Amino acid sequence: MKPTHPLHKYMRPSAIRTANCPGCGNGILTQAILRAIDEEGLDMDDFVFVSGIGCAAWIPSPLFLADTLHTTHGRPIAFATGVKLAKPDRRVMVISGDGDLLAIGGNHFIHAARRNIDMTVVCVNNGIYGMTGGQVAPTTPIGLRTMTSPYGNIENDFDISGLATAAGATYVARWTVIQTRQITKSVRKALEHRGFSFIEVVSHCPVQFGRKTGMGSSTQMLDWLKEISVTATKASGMTPAELEGKIVVGEFVDIDKPVLDVELERMRRDAQGGDDAEN
Amino acid sequence: MNTDRVLTGRHFMQGNIACAEGALAAGCTFMAGYPITPASEISERMASRLPALRGENGVFIQMEDEISSLAAVIGASWTGAKSMTATSGPGISLMLEHVGYAVGTETPCVIVNVQRGGPTTGIPSVELQGDLIQAGHGSHGEYRIIAVAPSSPQEMFDHTVLAFNLAEKYRTPVFVLADSFVGHMREEVVIPDASGIEIADRVISPGGYNQETDQGFLSVDVAPMPIFGRGFRSHVTSSCHTETGKRNVTDATALDNFIRKLCGKIEKNRDDIVIVDDATNDADIAMVAYGTVFRAAREAVGAARDAGISADTFRPVTVWPFPDREIHELSRRVKAILVLENNLGQMLHFVRSVAECPVHFLEPEVLGTLHDIDRIVAKLKDIAP
C-alpha cells in the first residue's frame with residue numbers, strides 16, 4: 001500500500017494542489033488544525049468550515065473533506081452565524097485572513113465576539129494582502145513599504161487579539177506559525193470551549209511581504225518570527241520600549257459567558273410555554 | 001404569543017404582518033434582518049413569532065447590518081432551513097453582493113424589499129417603484145432572478161408563500177418587491193387552513209451523495225441540494241464552479257457553463273414561474289401596471305368605460321422574469337399599451353422592447369403618491385385610437 005500522510009484522510013481527494021505560494025505559512029497551520037481535530041477524536045462530519053476571500057480562506061476550501069462554505073470577501077463570520085444558529089449541533093470553524101476578517105469584515109468579527117456565538121475563528125495574520133499582490137493592510141507594521149504604501153505605511157496597525165478581547169471573545173490566543181505545537185494546543189482548547197474562540201496566527205508571507213521588505217526566504221522569516229516572539233508571561237515584565245517590534249504570544253482569555261445558542265434555546269422554551277394566544 | 005405556525009382565519013392585518021405570516025405559513029424557520037423603515041414590522045413580527053413556534057427551532061436574529069443579514073440567511077439555508085430577510089432600498093443596496101452569491105451557489109431564500117423613496121436615503125415612508133431594475137439586475141455579473149410584486153395585504157401573504165415555493169423549487173433567491181403603501185396598508189387578509197396552502201420543499205441530495213462525482217450544482221432541471229449536516233461533505237463556493245461544486249477559475253468555458261446553467265434554469269422553467277393577471281379581454285387599451293399602481297389602474301377601468309374608452313388591466317405578478325412573451329402577445333391584440341409606474345419609467349423600456357403596438361407611459365403627478373384616477377382617464381383619452 002502506498003504510504004500516505006496520517007492527516008491525508010481529512011483532505012478532499014480532488015484537492016491535489018494548494019493555491020498557496022512555496023514557503024507559505026498556511027501549510028503549517030493546515031496541519032496544526034487537522035492535528036488538533038485528530039487529537040480531539042472529532043469527525044470532519046461534525047464540522048461546517050466557513051471561509052472568506054484571501055489566501056487563508058483556501059485552507060478549508062477546497063482542502064478539507066467536510067461541508068465547506070466559501071463565501072464573499074469579509075463576510076464568513078456572518079454566513080457562519082446563520083449556519084450555527086440554524087444547525088447548533090454542528091461545530092462551526094471560520095478560517096480566513098486578517099484583511100478578510102479585520103478590514104472589510106471587522107464589523108462582523110466584533111459582533112460575533114460580542115454575541116459569544118459558539119464558533120472557532122482562526123485568523124492568519126500575515127500583515128499584508130497576499131492574494132491581490134502585496135498591498136497595505138490594517139495589520140501592516142508602521143513604516144513598511146508595500147505596493148500601496150510605497151513611501152512607507154503611515155497608519156497604526158491593529159492589535160487584533162486585543163480587539164477580540166475587548167469585543168467580548170471568551171477564548172483568545174495568539175501564536176506565530178513557528179509555534180506549531182502551541183497552535184495545535186490552542187485549537188484543541190478552542191474546540192473544547194463553548195463560545196466565541198479566536199486564535200490569531202501570525203504568519204509570514206515570503207512572496208508578498210518578504211520580497212518587498214527584503215526579509216529573505218521563508219525559513220529566514222520563520223527564524224525572524226521565532227526571534228521576535230515573546231510569551232505573555234515574559235511580556236508582562238517588560239517595558240513598552242522593550243516590547244517594541246516584538247510579538248506577544250500566548251493565551252490571553254479563557255472565560256465563560258452565556259453562549260448565544262444556549263440562550264436562544266432558553267428563550268424558545270419560554271416563548272413556547274406562553275399560553276396567552278393573540279395575533 | 002400564538003404558538004401556531006398558520007394563523008387560519010379572517011384578519012384585519014397590516015401588509016408587513018401578512019408578509020411575516022405568509023413566510024411562517026410557507027415553512028420559514030430562520031430570519032435575519034436589520035431595522036429599516038418601512039420594513040421593520042416584518043422583523044418585529046418574526047422576532048416575536050419564530051421562537052414561539054410550538055416544538056420548532058425557529059430563529060430570528062437581528063444582525064449588525066444588511067450585508068450580514070443576507071449572509072446569515074444563506075448560511076442557514078445551507079443547513080436546510082427555509083430562510084428570509086426583509087428590508088428596504090438602502091438595505092437591498094448593501095445586500096446585492098449576496099444576492100449574487102445566493103444565485104451563484106443556488107441557495108433558496110426570500111428577500112422582501114418594502115420599497116421606499118430614493119435614490120439614497122430618500123424618504124423612508126414614501127413609496128416608489130424605484131427598485132424594479134435593481135431587483136432584476138442589481139448584483140454584478142450575468143444572472144436571472146425571480147421577483148413577485150404584491151398589490152394588497154392579502155397578496156403580501158399569498159406572494160410571500162409563492163416566493164418561498166419558487167425559491168425552494170428552483171434553488172434561487174426570490175424577491176418580494178413590495179412598497180411602503182402595501183407594507184403599511186391594512187385590509188382584510190384571509191389565511192386558509194394549513195392544508196389549503198400549497199407548499200414546495202427543496203429536493204435534497206439523496207444519501208450516499210458523492211461530492212467528487214455527483215451533481216449538486218448547475219442543472220437547468222435544478223440539481224438536488226447537498227445541504228450541510230448530512231455527511232455530504234459539500235464543497236460550496238460562489239466562485240465559478242463545475243456541476244460537482246469544484247472551483248474552476250482558470251477556464252472561460254467553465255464560466256460560460258456556470259452562467260448559462262444558472263440562467264438556463266430560470267429560462268427553461270419560465271412558463272411555470274411567470275404569472276400575469278390579464279383582464280384585457282377585447283379591450284382597446286391595456287394598462288400594464290404592477291404592485292400598488294395596479295390598484296389605481298384597476299380603479300380607472302370603470303371611469304374610462306364611463307368616458308367611452310375601452311381599457312383594462314394587464315398585471316405582471318412576477319415582474320422578473322419579465323413576462324416578455326405575454327406582453328408581446330398582448331401587444332398584437334390591443335391597439336395601445338399604457339404603462340403605469342410610480343417612477344419615471346423602468347418596466348416601460350422592457351415593455352417597449354417587445355411590444356408591436358404603440359406604448360405610452362404615465363407616472364403619478366407627484367412621484368411617491370398614487371396615480372390620480374382622473375389623470376389616468378385623461379391620458380387614456382389622449383392615446384385612445
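This is a short tour of a predicted model with chains A and B, stop by stop.

**Stop 1: the sheet that spans both chains**

Start by selecting the strands of the nine-stranded open sheet, which has mixed pairing and runs in the order 7(A)-8(A)-5(A)-6(A)-4(A)-3(A)-1(A)-2(A)-9(B). Colour by chain and look at the two ends: the edge strands are strand 7 (229–231) of chain A and strand 9 of chain B, each pairing on one side only. Going from strand to neighbouring strand, the turn averages 20 degrees, with direction ignored.

Zoom in on the chain A edge. Strand 7 of chain A pairs in the parallel sense with strand 8 (residues 247–254) of chain A, over three bridges. To find the register, pick A:Ser229, which sits opposite A:Ile247 in strand 8 of chain A.

Now swing over to the other edge. Which strand of chain A pairs with strand 9 (residues 235–237) of chain B? Strand 2 of chain A does, in the parallel sense and over three bridges. Click on A:Thr68 and you'll have B:His235, in strand 9 of chain B, opposite.

**Stop 2: strand 6 of chain A**

Head back into the sheet and select residues 196–202 of chain A, which make up strand 6. Are its residues buried or exposed? Seven of the seven are buried, so the strand is largely enclosed by the rest of the structure. Turn on the side chains and you can sort them by direction: A:Phe196, A:Phe198, A:Glu200 and A:Val202 point one way, while A:Ser197, A:Ile199 and A:Val201 point the other way. That's the general pattern for a regular strand, where side chains alternate between the two faces of the sheet.

Next, add the partners of strand 6 of chain A. Strand 4 (residues 119–125) of chain A runs parallel to strand 6 and is joined to it by seven bridges; A:Met119 is the residue to click opposite A:Phe196. Strand 5 (residues 171–176) of chain A also pairs with strand 6 in the parallel sense, over six bridges, and there A:Ala173 faces A:Ile199.

Then show helix 6 (residues 180–192) of chain A. Together with strand 5 and strand 6 of chain A, helix 6 makes a right-handed β-α-β unit. Follow helix 6 across the sheet and you'll see that it lies over strand 4, strand 5, strand 6 and strand 8 of chain A, at about 165 degrees to strand 5.

**Stop 3: the contact between the chains**

Select the contact between the two chains: 38 residues from chain A and 43 residues from chain B. On the chain A side, the elements giving two or more residues are strand 2 (67–70), helix 2 (76–86), helix 4 (106–115) and helix 11 (260–273). Helix 2 of chain A gives the most, with eight residues. Colour the chain A side by residue type and it splits into 16 nonpolar, 14 polar and eight charged.

**Stop 4: a loop residue in chain B**

Stay in chain B and pick B:Val249, in the loop between strand 9 and helix 8 (252–268). B:Val249 is exposed, with 11 other C-beta atoms within 10 Å. Beyond its neighbours within four places in sequence, B:Val249 is in contact with B:Ser239 and B:Cys240. Try a distance label to B:Ser239: the two residues are 10 apart in sequence and 7.0 Å apart in space, C-alpha to C-alpha.

**Stop 5: the two domains of chain B**

Colour chain B by domain, with domain 1 at 9–196 and domain 2 at 278–383. Their centres, taken over C-alpha atoms, are 27 Å apart. Where they meet, 23 residues of domain 1 are in contact with 18 residues of domain 2. The domain 1 side draws at least two residues from each of helix 5 (132–137), strand 6 (146–148), strand 7 (173–179) and helix 7 (180–184) of chain B. Helix 5 of chain B has the largest share, four residues. By type, the domain 1 side divides into 15 nonpolar, five polar and three charged.

**Stop 6: the seven-stranded sheet of chain B**

Last, select the open sheet of seven strands in chain B, ordered 3-2-4-5-7-6-13 with mixed pairing. Its edges are strand 3 (59–62) and strand 13 (318–320), and the twist from one strand to the next averages 20 degrees. Within it, strand 2 (residues 30–33) and strand 4 (residues 83–87) of chain B run parallel, joined by two bridges; B:Phe30 is opposite B:Ser83. Finish by showing helix 4 (residues 89–104) of chain B, which packs on the sheet and touches strand 4, strand 5 (109–115) and strand 7, its direction making about 160 degrees with that of strand 5.

Methods: Residues are numbered from 1 along each chain as its sequence is written. Chains are lettered from A and ligands numbered from 1 in the order in which they are written. This is a predicted model: local features need pLDDT of at least 70, side-chain atom pairs count only at pLDDT 80 or more; totals for chains, interfaces and linings use all residues. Two residues are in contact if their C-beta atoms, placed from the backbone, lie within 7 Å. Ala, Val, Leu, Ile, Met, Phe, Trp, Tyr, Cys and Pro count as nonpolar, Asp, Glu, Lys and Arg as charged, and the others, Gly among them, as polar. Two strands pair if DSSP finds at least two bridges between them. Domain bounds come from an automatic or database domain assignment. Axes are lines fitted to C-alpha atoms, for helices over the stretch in contact, and angles run from 0 to 180 degrees between N-to-C directions. A residue is buried if 20 or more other C-beta atoms lie within 10 Å of its own, exposed if 12 or fewer, and partly exposed in between; C-beta atoms are placed from the backbone. A crossover is right-handed if, with the strands pointing away from the viewer, the path from the first strand over the helix to the second runs clockwise.
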